[in-house]
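Morning, everyone. I have one structure to walk you through today. Let's get it on the screen.

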2 protein chains.
Amino acid sequence: MSEARATLKDVARRANVAVSTVSRVLNGRPGVGTAVRERVLQTIDDMQFRPNTIARGLRIQRSDTIAIVTDDLEGIFTNAMMRGVEEVAWEAGVGVLLCNTYGDAERERAQLARLLDKQVDALIFMSGNRVGRRAEPAVPIPDGVPMVYLYEYGDPSVASVLPDDQGGAEAAVAHLVETGARRIALLNGPSEWEATQDRLHGYERSLASAGLPLSDELVVPSASWDPEDAFAAMGMLLAASPPIDAVFCASDDLATGAVHAIREAGLRVPEDVQVVGFDDRSLAVHQRPALTTVALPLLEMGRCAGRLVLDGINGEAPVPGIRRIPCELRVRASTRPKAVGP
Amino acid sequence: MSEARATLKDVARRANVAVSTVSRVLNGRPGVGTAVRERVLQTIDDMQFRPNTIARGLRIQRSDTIAIVTDDLEGIFTNAMMRGVEEVAWEAGVGVLLCNTYGDAERERAQLARLLDKQVDALIFMSGNRVGRRAEPAVPIPDGVPMVYLYEYGDPSVASVLPDDQGGAEAAVAHLVETGARRIALLNGPSEWEATQDRLHGYERSLASAGLPLSDELVVPSASWDPEDAFAAMGMLLAASPPIDAVFCASDDLATGAVHAIREAGLRVPEDVQVVGFDDRSLAVHQRPALTTVALPLLEMGRCAGRLVLDGINGEAPVPGIRRIPCELRVRASTRPKAVGP
DNA sequence: TTGAAAGCGGTACCAT
DNA sequence: ATGGTACCGCTTTCAA
């Protein structure tokens, strides 16, 4: 039924030129007379010719494909990052292959082997939700294949893209200060997570630059990221005296638990204690009150990682080291809009 | 530094055999003496030879790659489905390419053109969140390329995979009946969504088979999937008399709004009115009370779609028509555990 | 400016 | 049971 796809050779024959000529016009290379070029272009159009990328790839040793290797395809944060990667890859005409390793080294080994066999041009290692630093790739990555870590903490000799947790925390606390809060608590994440340290530092810096005292009793890590544990941790914070008037939570889930605890204690948000979260998951905006939170720049992180490897493909090896992408504060109803007079 | 990758030819030379022989052992084809086979295998191992998939693909006209084309990569339901596809594809040794069209036909056209140039072996059209039927692919898909719709409503002549919305709704209502509920309301989704009809039917069937009367005043569609609109809609349901003792909501978000309205009315969940949702988003389990809900079989849907196209690649063209994947009821705390005596 | 031909790294048919 | 070799579809010297 449907004709076999036209090949370059078919076009050449039909246009009465050599295949090399067709190839030249196809790639916009010089050395083709205007008349001939016109004719070839016309023929290409007539025959609906589309070059076979595989053949081209075989010849020039490029697959125009990069791969995202992740340990958790269903991770809460993966979509947005993937979209960022896909977006810039698309613009560059390269495809994005997906790989889920389930965090299993053996599987990662197999996946990488296969990807390398497929001649992927570059690799992005993306974390779904990782605690601690990732091990080096389960298979040595050949020199020519650029790779970057996306939301992964690992060997500093590889380029990696991370959110600016510290900056985000600073912005959150600064906002709280502006709204008049003075006793600002930090309901932090479990301490073994990398981001936890960074957010603590941001908190501390922001307090310091506002001339506010740092108090150990105002900082408590939650046992996990679960709202339930946050609920418990918030209990301690609520026992502080003098009482706190704001709490910065290291995630939206934690904030959910915190809000719950605050209400349970007969207090109001934001009138009695203001709350700001981190991540800006969709639940943040739907919560009551809508949660002021620090948005993770996932899309931009994906784009950044994509650009890095794309540049890498074009020769500029990604320079090692960490890129911190700024987080944006989204002010909503769980904090007061402006400073309140004394 | 790193040696160029060994090729089949290199192996042949080193093992003192013809390339065709190496190819034979590589593909486990018969017609190779045991001794020679041994030697070749050994050489392959020694040289760390791995066949170039691109070259192979060029020759046998297969890329061992399928593509997921979606209108919304960040859709709430996409991850799990993608993982299902990736999972079965992986087992079959085929890669999964990702494409986001943003629901834009022009972009879809460009994407498909590119994918076809890349010789993808099959296509899965996946919806992020679609209302109504999708248009046919923006580019005619060649005969040899199997395709399936995943969570897409569209041309019935293409194989498509959908959740069994009706069955899920039936199960939800049946559960409510078992727990003793008699005045069961349906807080449905916006009526222009396909699933809304199906869930209504399930509700009706389940009620009928329980011998319970159907009452128009107990069925109200929400203006949108937003919890806020559900809150409003729930107001009407709460005004019914005699009062309802349970509500089946067509989504977890709707259920969130419903629970809120119920509480606002001074009623308790599940003591006064039981609530069941649909989807089983992560918020369902974290909600208070934890939400009984009908889980969308996203992973299995992805697997199913994957298997369909994979079979298609191997010759068995996916038979047209809709596959309904069963939904599973997850009983939690927003419904009573068992029937309560009179 | 244009064409011929040698690959890229495999597969598969045809001899031997 | 093996080897030789013509492709797959495109790029890229090298000559003309």
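**A cavity, two DNA strands and some rings**

By class, the lining of the largest cavity splits into four nonpolar, eight polar and four charged residues. One caution before I go on: this is a predicted model.

Stay with that cavity for a moment. The largest cavity holds about 240 Å³ of space. Its lining is made of 16 residues. Which of them lie nearest its centre? They are A:Ile54, A:Thr65, B:Ile54, B:Ser63 and B:Thr65. Now the elements. H4 of chain A and H4 of chain B are the ones that give two or more residues to this lining. How many cavities of 30 Å³ or more does the structure hold? Five.

Next, the DNA. I'll take strand D to begin with.

There are 29 residues around DNA strand D. Those that come nearest are A:Leu8, A:Arg59, B:Arg24, B:Gly33 and B:Arg59. Look at what the protein meets on the strand. Of the atoms of DNA strand D that come within 4 Å of the protein, 61% belong to sugar and phosphate.

Here are some individual contacts. B:Ala18 uses its backbone: an N or O atom there lies 2.7 Å from a phosphate oxygen of DNA strand D. B:Ser20 uses its side chain, with a polar atom 2.9 Å from a base oxygen of the strand. B:Arg59 also has a polar side-chain atom by a base oxygen of DNA strand D, at 2.4 Å.

Where does this surface come from? In chain A, the elements giving two or more residues to the surface near DNA strand D are helix H1 (8-15), helix H2 (19-26) and helix H4 (53-60). In chain B, they are helix H2 (19-26) and helix H4 (53-60). By class, that surface has 11 nonpolar, 11 polar and seven charged residues.

Now strand C. DNA strand C has 29 residues around it. A:Arg24, A:Gly33, A:Val36, B:Leu8 and B:Arg56 come nearest. Sugar and phosphate make up 64% of the strand C atoms that come within 4 Å of the protein.

Again, some contacts. The side chain of A:Arg59 places an N or O atom 2.9 Å from a base nitrogen of DNA strand C. B:Ser23 has a polar side-chain atom 2.8 Å from a phosphate oxygen of DNA strand C. For B:Arg24, a polar side-chain atom lies 3.4 Å from a base nitrogen of DNA strand C.

Which elements supply at least two residues each to the surface near DNA strand C? From chain A, H2 and H4. From chain B, helix H1 (8-15), H2 and H4. H4(B) gives the most, with four residues. The surface near DNA strand C divides into 10 nonpolar, 11 polar and eight charged residues.

Last topic: aromatic rings. Over all chains, a search finds eight aromatic pairs. I'll show two, both in chain B.

B:Phe125 and B:Tyr149 have ring centres 5.8 Å apart and planes at 90°, so this pair is edge-to-face. B:Phe125 is in strand E3 and B:Tyr149 in strand E4, 24 residues apart. Both B:Phe125 and B:Tyr149 are buried.

The other pair is B:Phe248 with B:Phe278, which is tilted, at 6.2 Å centre to centre and 45° between the planes. B:Phe248 lies in strand E8 and B:Phe278 in strand E9, so the pair ties together parts 30 residues apart in sequence. Buried or exposed, B:Phe248? Buried, with a relative accessible area of 0%. B:Phe278 counts as buried too, at 0% relative accessibility.

That's my tour. Thanks.

Terms used. Residues are numbered from 1 along each chain as its sequence is written. Chains are lettered from A and ligands numbered from 1 in the order in which they are written. This is a predicted model: local features need pLDDT of at least 70, side-chain atom pairs count only at pLDDT 80 or more; totals for chains, interfaces and linings use all residues. Side-chain values use heavy atoms; hydrogens and water are left out. A residue is near a molecule or strand if one of its heavy atoms lies within 4 Å of it. A polar contact is a pair of N or O atoms within 3.5 Å; within protein, one must be able to donate a hydrogen and the other to accept it, and residues adjacent in sequence count only if both atoms are side-chain atoms. Ala, Val, Leu, Ile, Met, Phe, Trp, Tyr, Cys and Pro count as nonpolar, Asp, Glu, Lys and Arg as charged, and the others, Gly among them, as polar. On a 1 Å grid over the protein atoms alone, a cavity is a set of points where a 1.4 Å probe fits but cannot get out, and a pocket is an open set with protein on both sides within 12 Å along at least five of seven lines; lining residues have an atom within 4 Å of a point. Grid points are joined across faces, edges and corners, and a volume is the space filled by probe spheres set on the points. Rings of Phe, Tyr and Trp (its six-membered ring) pair if their centres lie within 6.5 Å; planes under 30 degrees apart count as stacked, over 60 as edge-to-face and the rest as tilted. Buried means under 20% relative accessible area, exposed over 50%, partly exposed in between (1.4 Å probe, protein chains only).
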